[in-house]
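Please open the model in your viewer and keep the sequence beside it. The tour below moves from one selection to the next and says what can be found at each stop.

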Amino acid sequence: MLDAIWRLKPAAHAGFLQMGPWAILLMGVVSLACAGAAVGLWIRAPWGRRLALIVLVGNAVGDTINGIVHDPRTLIGLPIAGLVVAWLLTPAVRAQFER
């Protein structure tokens, strides 16, 4: 079922196979964090904004490490994450999440 996805980046498939069951746990945690951030942002909960910031900064750190060590193409995500983080930190957006 995921063959089309693995064709996009075969190295990712090999990496997940090396991780074994930990890959499922990792992707589950990432999925829950992203879903939680999406729900929190949607309902404008303060915790949703904080969770989104944590996810974005964590992703930026991971992209930076991966870009330096393995694949510089992952660095394309840094300006995008930086812009979204900067936007979430603006006073106007922060005010939307205050209760």
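Begin by selecting Ile80, Leu83 and Trp87, which are exposed on the side of helix H5 that lies opposite its buried residues. Bear in mind throughout that this is a predicted model.

Now extend the selection to the whole of helix H5, residues 77–88, which has 12 residues and reaches 16 Å from its first C-alpha to its last, close to the 16 Å expected at 1.5 Å a residue. Within H5, colour Gly77, Ala81, Val85 and Leu88, which are its buried residues. If you look down the axis of H5, these buried residues fall within an arc of 60 degrees, so they line one face of the helix. The spacing can be understood from a general rule: an α-helix has 3.6 residues a turn, so residues three or four places apart point the same way. To see what lies over the buried residues of H5, show H3, H4 and helix H6 (91–96), which are among the elements that cover them.

Next, select helix H3, residues 21–42, which has 22 residues and reaches 32 Å from its first C-alpha to its last, close to the 32 Å expected at 1.5 Å a residue. Its buried residues are Ala23, Gly36, Ala37 and Gly40, and what covers them includes helix H2 (10–19) and helix H4 (46–69). Following H3 you will come to Arg44, whose phi is positive, near 55 degrees.

Stay with H3 and turn to the surface. Which residues make the nonpolar surface patch of about 650 Å²? Select Met19, Trp22, Leu25, Leu26, Met27, Val29 and Val30, and you have the residues that make this patch. Helix H3 gives the most to the nonpolar patch, with six residues. One residue of the patch to pick out is Leu25, which is found in helix H3. Is Leu25 buried or partly exposed? Leu25 is partly exposed, because its relative accessible area of 48% falls between the 20% under which a residue is buried and the 50% over which a residue is exposed.

For a last stop, select Gly28, whose place is also in helix H3, and which is partly exposed, with a relative accessible area of 29%. From Gly28, draw a distance to Ala81, one of the buried residues of H5: Gly28 and Ala81 are 53 residues apart in sequence and 21 Å apart in space, C-alpha to C-alpha.

Definitions and conventions. Residues numbered from 1 in each chain as written. Predicted model: local features only at pLDDT ≥ 70, side-chain atom pairs only at ≥ 80, totals over all residues. Heavy atoms only, no water. Patch = residues over 30% accessible without salt bridge, like charges linked within 9 Å, V, L, I, M, F, W, Y side chains within 5 Å. Areas by Shrake-Rupley, 256 points an atom, 1.4 Å probe, with all protein chains shown as cover. Salt bridge = Lys/Arg side-chain N within 4 Å of Asp/Glu carboxyl O. Helix = DSSP H or I, 4+ residues; strand = E, 2+ residues; numbered from the N terminus. Buried < 20%, exposed > 50% of the residue type's maximum accessible area, 1.4 Å probe, protein only. Expected span 1.5 Å × (residues − 1). Contact = heavy atoms within 4.5 Å. Arc of directions from axis to C-beta.
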